[in-house]
Amino acid sequence: METPFDKINDPIGIRVAAGLSRLALALKTNTQQGAAPHGLSPTQSQILALLRNQVEGMRPSLLAQSLAIKAPAMTEALQPLLARGLAVQTPDPEDGRAKRISITDAGFALLATIADWPDALLETVADLPPLEQAVFYRVILKMIRQMQIQGTIPVGRLCVTCTHFRPNVHADAETPHHCALVDAPFGDRHLRLDCPEQSPASPDAAEAAWRRFLETPPPAFPV
Ligand code: SF4
């Protein structure tokens, strides 16, 4: 049924994009406020947070991929971290021509004083019921995937583009997918955005897996 709101409102797609823009702006401002007192940009604080769990370090290209930024921007962000001794660059043991970046003790110490995610965002998401979180996460995955196809953001280490990902192969609606590497079933809520074991599937295989993943509709969203 048509209502007057159909005429006075912008289309819902525009309002969704506007809402996301407002969230992104708030997130950027919040992250800047957390990192700026320490002389870091939001990207630099995210780099340190990523390196925290990588004992063998990461190549700059992988860091750029994980944070969905371009290589020149990563190079620019790394220079001050290396100059300040918050991160260190060493030869990659697997490839003599490549380098790896690791966090230093000074980087750990600085990171301990700043939050890597704005508390407000974590609290806001945690307040959502589990079902809404699961639906939201699936929508975010779809948007990331679409932006990767468009070339808006670099390809990341997602489950849905991994050679080990087997979408919708189990009858259990809670855990319909399978990771062939771990050899275990898992559900939408377990899908990873940045898995260190991810092995990129070919574009055709990734597209086929993505289509199969989307065959199962998300759980009904409570309104
Ligand atoms: S190896 Fe990692 S990215 Fe690949 S399916 Fe398993 S959990 Fe997902």
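In the protein chain, residues 24 or more positions apart account for 56% of the contacts with a separation of 6 or more. The model is a predicted one, and the values reported here for it are computed. The chain has 223 residues, of which 30% count as buried, and its C-alpha atoms fill a box of roughly 60 × 45 × 30 Å when taken along the principal axes. Nine helices and five strands are present, and along the sequence they follow the pattern α-α-α-α-α-β-β-α-α-α-β-β-β-α.

The domain assignment divides the protein chain into domain 1, which covers residues 13–111, and domain 2, which covers residues 129–215. The centres of domain 1 and domain 2, taken over C-alpha atoms, are separated by 24 Å. Contact between the two involves ten residues of domain 1 and eight residues of domain 2. The size of an interface is often expressed as the accessible area that is lost when the parts come together. For domain 1 and domain 2 the buried area is about 690 Å², with carbon and sulfur atoms giving 59% of this area. On the side of domain 1 that touches domain 2, the largest share comes from helix α4 (residues 60–66), which supplies four residues. By class, that side of domain 1 has seven nonpolar, two polar and one charged residues. Across the interface of domain 1 and domain 2, the rule finds zero salt bridges, and the count of residue pairs in polar contact, with both residues at pLDDT 80 or more, is likewise zero.

Salt bridges were next considered for the structure as a whole. Side chains of opposite charge can pair when their charged atoms come close. The structure holds ten salt bridges, including one between E56 and R100, in which the closest N and O atoms are 3.8 Å apart. Because E56 lies in the loop between α3 (42–51) and α4 whereas R100 lies in strand β2 (residues 95–103), this pair ties together parts that are 44 residues apart in sequence. The partners are unlike in accessibility: E56 is exposed, with a relative accessible area of 58%, whereas R100, at 9% relative accessibility, counts as buried.

A further salt bridge joins the side chains of R59 and D92, with an N to O distance of 2.5 Å. This pair also links distant parts of the chain, since R59 is placed in the loop between α3 and α4 and D92 in strand β1 (residues 87–92), 33 residues apart. R59 is partly exposed, with a relative accessible area of 30%, while D92 has a relative accessibility of 3% and therefore counts as buried, the cut-off for this class being under 20%.

In another part of the chain, the side chains of R145 and E207 meet in a salt bridge with an N to O distance of 3.1 Å. R145 belongs to helix α8 (residues 130–150) and E207 to helix α9 (residues 203–215), and the pair links parts of the chain that are 62 residues apart. Here R145 counts as buried at 9% relative accessibility, whereas E207 is partly exposed, with a relative accessible area of 27%. Salt bridges that share partners also join E56, R59, D92, E94 and R100 into one network.

Two individual positions, D188 and P185, were then examined. D188 lies in the loop between β5 (184–186) and α9 and is buried, with a relative accessible area of 17%. The side chain of D188 is joined to that of R138 by a polar contact of 2.7 Å. When neighbours within four places in sequence are left aside, the residues in contact with D188 are Y137, R138, H177 and F213.

P185 is located in strand β5 and is partly exposed, with a relative accessible area of 45%. Not counting residues up to four places away in sequence, P185 touches H170, T175, H177 and H178; H177 thus appears among the contacts of P185 and also among those of D188. With respect to L23, P185 is 162 residues away in sequence and 33 Å away in space, C-alpha to C-alpha.

Methods:
Residues are numbered from 1 along each chain as its sequence is written. This is a predicted model: local features need pLDDT of at least 70, side-chain atom pairs count only at pLDDT 80 or more; totals for chains, interfaces and linings use all residues. Side-chain values use heavy atoms; hydrogens and water are left out. Domain bounds come from an automatic or database domain assignment. Contact means heavy atoms within 4.5 Å. Buried area is the accessible area (1.4 Å probe) that two parts lose on being put together, summed over both. A salt bridge is a side-chain nitrogen of Lys or Arg within 4 Å of a carboxyl oxygen of Asp or Glu. A polar contact is a pair of N or O atoms within 3.5 Å; within protein, one must be able to donate a hydrogen and the other to accept it, and residues adjacent in sequence count only if both atoms are side-chain atoms. Ala, Val, Leu, Ile, Met, Phe, Trp, Tyr, Cys and Pro count as nonpolar, Asp, Glu, Lys and Arg as charged, and the others, Gly among them, as polar. Buried means under 20% relative accessible area, exposed over 50%, partly exposed in between (1.4 Å probe, protein chains only).
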